[in-house]
Structure formats: structure tokens, C-alpha cells
Amino acid sequence: MDKFSYPEYYDFPPFFTLQPVRATREKQLVLWQQLILEYHRAHDLPLFQPLASTLFENVKISRNMATDGRMAVVEHLIRCGHGRWEDDTRTRCRIMWKKPVEWAVEIYDFVGGIVCCVEISAENLTIGGVLWCDYLQAKEHGMLGNVFTVYELYAGEETLGTNIHGMEPWLLREALSVLEGEGKAAVIAGETCEEDGVKFLATE
């Protein structure tokens with residue numbers, strides 16, 4: 001049984017018809033984006049198939065969103081950086097509940113010593129509104145200036161207890177590309193994709 005809690009507006013019939021007035025349509029698309037991201041995050045679903053998705057079908061109120069509306073929703077997701085097409089036929093969209101640029105900030109905060117922990121222990125301290133984890137401070141681990149493999153970042157001990165651990169490799173690479181473009185990291189090609197390395201650079 002689906003335990004996902006649908007918002008009240010999901011039972012509002014006009015929600016399933018693409019609104020003609022631009023301002024209203026933009027608000028509608030924002031709500032659809034929010035719903036899709038929350039649904040896919042709750043169910044750990046990386047792909048969205050708009051033409052087959054039951055999200056666009058509300059049996060309770062006998063509403064089924066037309067194809068043009070479904071595609072408008074997906075294009076909005078992509079335009080806002082939360083999705084990308086996986087195929088040329090545009091039937092599968094890769095969902096990113098957090099944008100690569102947002103992941104880049106979190107990763108660099110981690111390597112800089114500021115960590116958002118999944119589990120809070122008695123050793124955690126809040127200083128100036130920022131959560132610091134004694135056992136995960138990246139500066140103490142010497143991450144700035146050193147080289148780590150991509151595999152170590154999403155599956156190694158260094159990131160245990162953080163959102164970075166368990167990231168999909170392709171998304172991690174996109175975040176690292178953002179950091180590289182900002183001069184905060186240098187990606188180094190390895191013999192295999194998992195052996196590709198990254199050197200985090202100090203900005204001060």
C-alpha cells in the first residue's frame with residue numbers, strides 16, 4: 001500500500017488541466033514539480049516516465065492529465081534543474097530532487113569541515129547555527145589538497161554518516177563538475193571510471 005501522503009491540491013480537478021493563464025500555469029507547474037520530487041524521493045525512484053506515470057491519473061476524482069500537460073510539467077522540471085531526459089524519444093526523465101549545484105555546495109562544505117550529518121550523536125556541536133561533527137571533520141581527515149577516488153566519495157568510510165555516502169555516481173560527477181568549474185576541485189582521469197580521482201582545492 002502506498003503510504004505517500006498526497007497534498008490536498010491533488011484532489012482539485014483543475015490541477016490536472018494545464019491552465020491557460022500564464023501566472024496560474026506557473027504556480028500549477030511549481031506544485032507539480034514539488035509533488036513529483038517529493039514522491040520520487042519518498043519512493044527512491046530515480047526515473048520518471050511521464051506518459052506512463054500514475055501520478056497524472058487521479059481515479060478518486062476521475063481526472064487524467066493530457067499529454068501536453070504532462071510534457072509541460074517535465075519541461076518545467078528540466079528547466080529548473082531537477083530533471084533531464086534519458087532518451088531521445090523523451091519517455092524517461094532522470095529526477096534530481098537536489099540539483100547538482102546544491103550537491104556541490106554540500107560536498108564542498110563537507111571537505112571544508114562543515115558537515116550535515118544523517119545521524120546526530122552526542123559529539124555533535126552547533127556553532128553559529130552550523131552543525132559540526134567531530135568524527136567527520138574533513139579538515140582533520142586532510143581532504144583539502146589531497147586526491148580521492150570518486151568511488152571513495154560515494155562508498156568510502158570518509159563520507160559515512162553524510163548524504164554524500166550512497167550518492168548515484170553520475171550525480172556525484174555532475175556535482176564535481178560544478179566544483180571544478182568554480183575552481184574548487186580538479187577531476188583526474190583514472191584507468192577506470194571508478195578510479196577517476198578528484199582533488200579538492202582550498203579557495204583561500
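Which residue with a positive phi follows H3? I shall return to that residue shortly; first, a word on the material. What you see is a predicted model, and every value I quote is computed from it.

Let me begin with the chain as a whole. There are 6 helices and 10 strands. The chain has 204 residues, and 37% of them are buried. If we take the contacts between residues at least 6 apart in sequence, 53% join residues at least 24 apart. The exposed area is about 11,600 Å², and carbon and sulfur atoms supply 53% of that area.

I turn now to helix H3, with which I opened. H3 covers residues 100-111, which is 12 residues. From its first C-alpha to its last it reaches 16 Å, close to the 16 Å expected at 1.5 Å a residue. Its buried residues are Pro-100, Trp-103, Ala-104, Glu-106, Ile-107, Tyr-108, Phe-110 and Val-111. As general background, an α-helix has 3.6 residues a turn, so residues three or four places apart point the same way. Within the buried set of H3, one may look at Trp-103, Ile-107 and Phe-110 with that in mind. The answer to my opening question is Gly-113, which follows H3 and has a positive phi near 105 degrees.

Helix H1 invites a similar reading. H1 runs over residues 22-42, and its 21 residues should span 30 Å at 1.5 Å a residue; the end C-alpha atoms are 30 Å apart, so the two values agree. Buried in H1 are Gln-28, Leu-29, Trp-32, Gln-33, Leu-35, Ile-36, Leu-37, Tyr-39 and His-40. Against what do these buried residues pack? They pack against E1, H2 and E5. Just after H1 comes Asp-44, with a positive phi of about 55 degrees.

That brings us to the sheet containing E1 and E5. It is an open sheet of 3 strands in the order E1-E5-E4, with antiparallel pairing. Its edge strands are E1, residues 47-48, and E4, residues 83-85, each of which pairs on one side only. Between E1 and E5, the latter being residues 93-95, there are 2 bridges in the antiparallel sense. Opposite Leu-47 stands Arg-94 of E5. Helix H2, residues 67-79, lies across E1, E4 and E5 and runs at about 115 degrees to E4.

Further along the chain, strand E10, residues 197-200, has antiparallel pairings with E8 and with E9. E8, residues 147-149, is joined to E10 by 3 bridges, and Val-147 stands opposite Lys-199. E9, residues 185-188, pairs with E10 over 4 bridges, and there Ala-185 has Phe-200 as its bridge partner.

I close with one residue, Asp-196, in the loop between E9 and E10. Is Asp-196 buried or exposed? Its relative accessibility is 13%, and Asp-196 therefore counts as buried. What does its side chain reach at 2.7 Å? At that distance lies the backbone nitrogen of Gly-190. The Asp-196 side chain also makes a polar contact, at 3.0 Å, with the side chain of Arg-173. Setting aside neighbours within four places in sequence, Asp-196 is in contact with Phe-148, Thr-149, Val-150, Arg-173, Ile-188, Ala-189 and Gly-190. Of these contacts, Phe-148 and Thr-149 lie in the range given for E8, while Ile-188 lies in that of E9.

Definitions and conventions:
Residues are numbered from 1 along each chain as its sequence is written. This is a predicted model: local features need pLDDT of at least 70, side-chain atom pairs count only at pLDDT 80 or more; totals for chains, interfaces and linings use all residues. Side-chain values use heavy atoms; hydrogens and water are left out. The expected span of a helix is 1.5 Å times one less than its number of residues. Buried means under 20% relative accessible area, exposed over 50%, partly exposed in between (1.4 Å probe, protein chains only). Two strands pair if DSSP finds at least two bridges between them. Contact means heavy atoms within 4.5 Å. Axes are lines fitted to C-alpha atoms, for helices over the stretch in contact, and angles run from 0 to 180 degrees between N-to-C directions. Accessible areas come from the Shrake-Rupley method with a 1.4 Å probe; for residues, only the protein chains shown count as cover. A polar contact is a pair of N or O atoms within 3.5 Å; within protein, one must be able to donate a hydrogen and the other to accept it, and residues adjacent in sequence count only if both atoms are side-chain atoms.
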